[in-house]
Amino acid sequence: MKHEKKKRVQKNVLVFGAEGMLGKEFCYALRKNARYRVFPASHRTADITDESALAGCMKKVRPDIVINCAAFINVDACEDHVLKAWQVNALGPGNIVRALGDAKLRRAVFVHISTSDVFGNDKKAYRETDTPHPVNAYGGSKYGGENNVEHEARSAGLRYYIVRTSWIYSRFRETYFIDTVAKALARSETLTLVSDQKSVPTWTRDLVRSVLPLCFGRNNSGTYHVVNDAERAVSKYEIALEIKRILCFGSGALRTRAARARLRRAFRKDIFKVERPASPFLINTKLPKLPHWKRSLKEYILSLHLV
Ligand SMILES: NC(=O)c1ccc[n+]([C@@H]2O[C@H](COP(=O)([O-])OP(=O)(O)OC[C@H]3O[C@@H](n4cnc5c(N)ncnc54)[C@H](OP(=O)(O)O)[C@@H]3O)[C@@H](O)[C@H]2O)c1
């Protein structure tokens, strides 16, 4: 029998928000795999509120997969600029799906990143099927984005995945919570952290590893919860305690400095101007479990070479 070599066709992957923390992680992972040809689109090169820019992108790239990481994520700024929040977080994702449909790219897969902040304070933990009740403009606009994606994708007959996640951290943004806390503890500083707002810290590396197979699998369109595994939601105060514990296993000097660092509790009402959900804990009922948050946190902290 004649052996036919299977032709490996490269997939064009268009990533919006490619210069943001999560967008960079997706581009990094995709570039390592010869099956993908990556087209990074930044705020500067492709504004998702600009329908003609999106039409141009679709024409040029003809994507097989589109991943939307573009968003306006500053919770306080969203409250002050509600219209902008709505344009970027609610209308923008719908614009992308419509542009795909208009370009007749109906076989494309669309992945949209959303947040645990679509939920409010009605429960302590949420499944994919629970109804969101956002408490602020950021959460409201992200929920609007989910609804628009669903509506536009169904009308265009496109496969879509809405991926909700929480408290992401990444080597692509060193000024973020985990890095800032680890570096401050390694300098013996005293830190004050919120103890009555809880969620699950999620390493972008793990999130991307879980989401990319969705683009090739046979999973049904819909909403997916992708967070590191956890028994319960934890506060930033508790995460900092865990980081301190990890650092205290380090070399002599680092151990001494971290052990001297002090952690103090603060409360949401004393820190935040805008209301945040108290415990938007996402339960993943559809996808394989991600590593436990403590395991990933340890691996991440070790990769910072502080220990
Ligand atoms: N960060 C978290 O802890 C967290 C938690 C849960 C869910 N998420 C979700 O994860 C996704 C990625 O978040 P991230 O932390 O990576 O945010 P990020 O670092 O702020 O990245 C978002 C990117 O979107 C770009 N952008 C903003 N407005 C745009 C527009 N109109 N058109 C095109 N691009 C635009 C931003 O560019 P400029 O900076 O130039 O405006 C930025 O590069 C978001 O959907 C967010 O809701 C984040």
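The legends below describe several views of one protein chain in a predicted model.

**Figure 1. The whole protein chain, with its 11 helices and 14 strands.**
The chain has 307 residues, and a compact globule of that length would have a radius of gyration near 19 Å. The protein chain has 20 Å, which agrees with that expectation. Along the principal axes, the C-alpha atoms fill a box of roughly 65 × 55 × 35 Å. Of the 307 residues, 52% count as buried. Contacts between residues at least 6 apart in sequence mostly bridge long stretches of the chain: 82% of them join residues at least 24 apart.

**Figure 2. The surface and charges of the protein chain.**
About 15300 Å² of the protein chain is exposed. Carbon and sulfur atoms supply 50% of that area. The chain carries 54 positive side chains and 30 negative ones. The centres of these two sets lie 7 Å apart.

**Figure 3. Cysteines C27, C69 and C78, in a structure with zero disulfides.**
A disulfide is a covalent bond between the sulfur atoms of two cysteines. For C27, the closest cysteine sulfur is in C69, at 7.8 Å, which is too far for a bond. For C78, the closest cysteine sulfur is also in C69, and the distance of 16 Å is again too far for a bond. A pair of sulfur atoms would have to lie within 2.5 Å to count as a disulfide. C27 has a relative accessible area of 2% and is therefore buried. C78 is buried as well, at 0% relative accessibility.

**Figure 4. Helix α6, a mostly covered helix.**
Helix α6 spans residues 177-186, and eight of its 10 residues are buried. The buried ones are F177, I178, D179, V181, A182, A184, L185 and A186. These buried residues pack against both strands and helices. The strands are β7 (168-169), β8 (190-194) and β13 (262-266). The helices are α8 (236-247), α9 (252-260) and α11 (293-303). After α6 comes S188, which has a positive phi, near 65°.

**Figure 5. Helix α7, largely enclosed by the rest of the structure.**
Helix α7 covers residues 204-211. Seven of its eight residues are buried, so the helix is largely enclosed. T204, R205, D206, L207, V208, S210 and V211 are the buried residues. Their cover includes the helices α1 (21-31) and α11. It also includes the strands β4 (109-115), β6 (159-165), β7 and β10 (202-203). Both β7 and α11 appear in the packing of α6 too.

**Figure 6. S235, a buried serine in strand β12.**
Strand β12 is made of residues 234-235, and S235 lies in it. The relative accessible area of S235 is 1%, under the 20% limit, so this residue counts as buried. Leaving aside residues up to four places away in sequence, S235 touches W167, V194, S195, Q197 and K198. Of these contacts, V194 belongs to the stretch 190-194 of strand β8.

**Figure 7. V274, a buried residue in a loop.**
V274 sits in the loop between helix α10 (268-271) and strand β14 (281-282). Its relative accessibility is 8%, so V274 counts as buried. Apart from residues up to four places away in sequence, V274 touches V75, D76, E79 and N136. By contrast, A41 is 31 Å away from V274, C-alpha to C-alpha. In sequence, V274 and A41 are 233 residues apart.

**Figure 8. R62 and H305, two residues with positive phi.**
Neither residue is a glycine. R62 has a phi near 50°, and H305 has a phi of about 60°. The place of R62 is the loop between helix α2 (51-61) and strand β3 (65-68). H305 lies in the segment after helix α11. How exposed are R62 and H305? At 42% relative accessibility, R62 counts as partly exposed. H305 reaches 69%, over the 50% limit, and therefore counts as exposed.

How values were computed:
Residues numbered from 1 in each chain as written. Predicted model: local features only at pLDDT ≥ 70, side-chain atom pairs only at ≥ 80, totals over all residues. Heavy atoms only, no water. Helix = DSSP H or I, 4+ residues; strand = E, 2+ residues; numbered from the N terminus. Rg over C-alpha atoms; globule rule 2.2 N^0.38 Å. Buried < 20%, exposed > 50% of the residue type's maximum accessible area, 1.4 Å probe, protein only. Contact = heavy atoms within 4.5 Å. Areas by Shrake-Rupley, 256 points an atom, 1.4 Å probe, with all protein chains shown as cover. Lys, Arg positive; Asp, Glu negative; His and termini not counted. Charge placed at Lys NZ, Arg CZ, Asp CG, Glu CD.
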